[in-house]
Amino acid sequence: MKEQLSLRYPIGTFEYGKEYSNLDTLRQIREIAGLPKKLKKIVRKLREGALDKTYRQHGWTVRQVIHHLADSHINAYVRMKLAVTENAPIVKPYEEQLWAETEDGKHGSVGMSLKLLSALHKRWVFFLTHLSDEDLDRVYYNPSGKRTVQLREAIALYAWHGRHHLAHVKLVTGNKKHEAESEEETHVEPRAAKKGSRARPEVTAPVSELPKPRRGRPVVKKSEDVLNEGVVAPVSELPKPRRGRPLVKKSDDVLTADVVAPVSELSKPRRGRPVVKKSDDVLTADVVAPVSEVAKPKRVRRTKEEIEAAKEKKG
């Protein structure tokens, strides 16, 4: 008997009548938001045929549980909207067991309900996170339990409802441990979650996490490949020269002795003066300068007598 009860309520029953702070409500809303993702993750681990297995004797199959979550949370969303927009409305109950026995509940694809839950919870959570304190104090009346439910309590109820059926699905996967949510997922203050954590060895941050340099300065990657002694940084990591000055690549090929820089890297002459290429072909002895570079003779002015004598010769 106790074993059947533990299988039926693996995380325990919900306690009505408790008081909840704003922090409690925020944490429960975050649980509601994370349910579809957690459910999809568990369903992926199920083996073939596991969807039609029951988590306990005379219980629902995994397929029925997933479809029930969609049915139940649709009703929950509508009830909470009614509570905010009406004065203590009476909500309509529904027969959960009969809904689970319909054709779509017993044989429908779980993908439909998983997509429905994902979209529904996004809309539902958006609605809940924008409620005021006055809204959260509003109520609705449920005739099936003959109970007036405050909205804070309703949020806590459906956060529990998601964990409750998530534990049922885990029973089918063989995971009987129902651990509490990790602090990283449920804790509102992430700094507090770091206290008491184990000290990790010092790890060098990857280049992608290094602080970004100022605009125009290249990032020098710090790694074992470039921190060895005597290694020249690649050209792509050298500082960029000023505009107009060519970049001289420093490598083993150009750092040898007696190497003349190529013409393309020589400083440009002033406008109008030709570039003299310095190479082995033009650095030999007794080289005659080309005609274009020979100095032009000065223009000689003729006297009047020379001009008249030239005219007489012509004619």
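In this predicted model, the side chains of D137 and R152 form a salt bridge, with an N to O distance of 3.2 Å. D137 sits in the loop between helix 7 (133–136) and strand 1 (139–142), while R152 belongs to helix 8 (residues 151–173), so the contact ties together parts that are 15 residues apart in sequence. The pair is also part of a network of salt bridges that links D133, D137 and R152. In total, the count of salt bridges comes to six.

**The D137–R152 pair: exposure of the partners**

- D137 has a relative accessible area of 42% and is therefore classed as partly exposed.
- R152 has a relative accessible area of 9%, which places this residue in the buried class, because buried means under 20%.

**A salt bridge between a loop and helix 3**

- A salt bridge also joins the side chains of D52 and R63, at 2.9 Å from N to O.
- D52 lies in the loop between helix 2 and helix 3 (62–85), and R63 lies in helix 3, so this pair ties together parts that are 11 residues apart in sequence.
- The relative accessible area of D52 is 44%, and D52 is accordingly partly exposed.
- R63 counts as buried, since its relative accessibility is 13% and the limit for that class is under 20%.

**A salt bridge within helix 2**

- D24 and R27 meet through their side chains in a salt bridge of 3.4 Å, taken from N to O.
- Both D24 and R27 are located in helix 2 (residues 22–44), where they are three residues apart, or about one turn of the helix.
- D24 is partly exposed, with a relative accessibility of 24%.
- R27 is likewise partly exposed, and its relative accessible area is 25%.

**Negative charge on the surface**

- A surface patch of negative charge is formed by E305, E306, E308 and E312.
- Of the residues in this patch, E308 is found in helix 11, which spans residues 304–314.
- Patches are made of residues with no salt bridge, so E305, E306, E308 and E312 gather there without such a partner.

Definitions and conventions: Residues are numbered from 1 along each chain as its sequence is written. This is a predicted model: local features need pLDDT of at least 70, side-chain atom pairs count only at pLDDT 80 or more; totals for chains, interfaces and linings use all residues. Side-chain values use heavy atoms; hydrogens and water are left out. A salt bridge is a side-chain nitrogen of Lys or Arg within 4 Å of a carboxyl oxygen of Asp or Glu. Helices (H or I, at least four residues) and strands (E, at least two) are DSSP runs, numbered from the N terminus. Buried means under 20% relative accessible area, exposed over 50%, partly exposed in between (1.4 Å probe, protein chains only). Patches are made of residues with over 30% relative accessible area and no salt bridge: like charges are joined within 9 Å, nonpolar side chains (Val, Leu, Ile, Met, Phe, Trp, Tyr) within 5 Å. Accessible areas come from the Shrake-Rupley method with a 1.4 Å probe; for residues, only the protein chains shown count as cover. Lys and Arg count as positive and Asp and Glu as negative; His and the chain ends are not counted. The place of a charge is taken as NZ of Lys, CZ of Arg, CG of Asp or CD of Glu.
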